[in-house]
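Q: I should like to learn how to read the features of a structural model. Could we work through one case together?

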Amino acid sequence: MAEKRKFKKRYCKYCEAKIDHIDYKDVGLLKMSLSERFKIMPRRLTGNCKKHQDLVTIAIKRARQTALIPYIIDRKNVVENPFDILR
């Protein structure tokens, strides 16, 4: 029989830091929950709990609405760091 792989247990970094509110204007904090194509990463990859993943999702959507985070990345014009352009 094949042995089951053991993966490292992921912990919610927001619970460890005791963060209750995630601000949409804090782009540095939200960058950790975005992939390189600026898609929202799932809970199984980030290790966030359900409560904080929902707060992160809402904050990212609000930041996109206010143009702090781009919606999509253009495949033709690849930019190394779109956050540098916005400032």
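The dialogue below takes the features of this predicted model in turn.

Q: Let us begin with the overall fold. How many helices and strands are there in the protein chain?
A: The protein chain has five helices and zero strands. Read from the N terminus, the order of elements is α-α-α-α-α. Of its 87 residues, 26% count as buried. Among contacts between residues at least 6 apart in sequence, 57% join residues at least 24 apart.

Q: Which residues make up the largest nonpolar core?
A: The general idea is that in soluble globular proteins nonpolar side chains tend to be buried together. Here the largest such core has 12 residues, among them Cys 12, Tyr 14, Ile 22, Leu 34, Phe 38 and Val 56. Helix 2 (27–30) and helix 4 are the elements that give two or more residues to this core. Helix 4 gives the most, with four residues.

Q: What does Val 56 touch, leaving out residues up to four places away in sequence?
A: Val 56, a member of that core, touches Tyr 14, Ile 22, Leu 30, Ser 33 and Asn 48.

Q: Asn 48 is a polar residue on that list of contacts. Is Asn 48 buried or exposed?
A: Asn 48 counts as buried because its relative accessibility is 3%, under the 20% limit. Asn 48 is placed in the loop between helix 3 (43–46) and helix 4 (50–65). Beyond its neighbours within four places in sequence, Asn 48 is in contact with Cys 12, Lys 13, Tyr 14, Ser 33, Arg 43, Gln 53 and Val 56. With Gln 53 there is also a side-chain polar contact of 3.1 Å.

Q: How far apart are Asn 48 and Tyr 11 in sequence and in space?
A: Asn 48 and Tyr 11 are 37 residues apart in sequence, yet their C-alpha atoms are 6.6 Å apart in space. A similar reading applies to Lys 13, whose C-alpha is separated by 6.8 Å from that of Asn 48, 35 residues away along the chain.

Q: Where does Lys 13 lie, and what surrounds it?
A: Lys 13 is in helix 1 (residues 13–16). Apart from neighbours within four places in sequence, Lys 13 contacts Met 32, Ser 33 and Asn 48. Lys 13 counts as partly exposed because its relative accessibility is 29%.

Q: Which side chains meet in a salt bridge?
A: In general, side chains of opposite charge can pair when their charged atoms come close. The count in this model is one salt bridge. It joins the side chains of Lys 50 and Asp 54, at 3.1 Å from N to O. Both residues lie in helix 4, four residues apart, which is about one turn of the helix. Asp 54 is partly exposed, with a relative accessible area of 36%.

Q: Arg 64 is buried; what is the nearest side chain of opposite charge?
A: That side chain is Glu 36, 12 Å away, and Arg 64 has no salt bridge. Arg 64 is found in helix 4. Leaving aside neighbours within four places in sequence, its contacts are Leu 34, Phe 38, Lys 39, Ile 40, Ile 69, Pro 70 and Tyr 71.

Q: How many disulfides does a search of the whole structure find?
A: A disulfide is a covalent bond between the sulfur atoms of two cysteines. The search finds zero disulfides. Cys 15 is in none, and the nearest cysteine sulfur is that of Cys 49, 3.6 Å away.

Q: Why is there no bond between Cys 49 and Cys 15?
A: The two sulfurs are not bonded because 3.6 Å is too far for a bond; the cut-off is 2.5 Å. Cys 15 is partly exposed, with a relative accessible area of 39%, and Cys 49 is partly exposed at 22%.

Q: Finally, the backbone. What is the phi of Phe 38?
A: Most residues other than glycine have a negative phi. Phe 38 has a positive phi of about 65°, although it is not a glycine. Phe 38 lies in the loop between helix 2 and helix 3 and counts as buried, at 8% relative accessibility.

Q: Where does Ala 67 lie, and is Ala 67 buried or exposed?
A: Ala 67 lies in the loop between helix 4 and helix 5 (82–86). Ala 67 counts as exposed, at 51% relative accessibility. Its phi is also positive, near 65°.

Notes. Residues numbered from 1 in each chain as written. Predicted model: local features only at pLDDT ≥ 70, side-chain atom pairs only at ≥ 80, totals over all residues. Heavy atoms only, no water. Buried < 20%, exposed > 50% of the residue type's maximum accessible area, 1.4 Å probe, protein only. Contact = heavy atoms within 4.5 Å. Polar contact = N/O pair within 3.5 Å; in protein donor to acceptor, adjacent residues only side chain to side chain. Salt bridge = Lys/Arg side-chain N within 4 Å of Asp/Glu carboxyl O. Lys, Arg positive; Asp, Glu negative; His and termini not counted. Core = buried A, V, L, I, M, F, W, Y, C linked by side-chain atoms within 4.5 Å.
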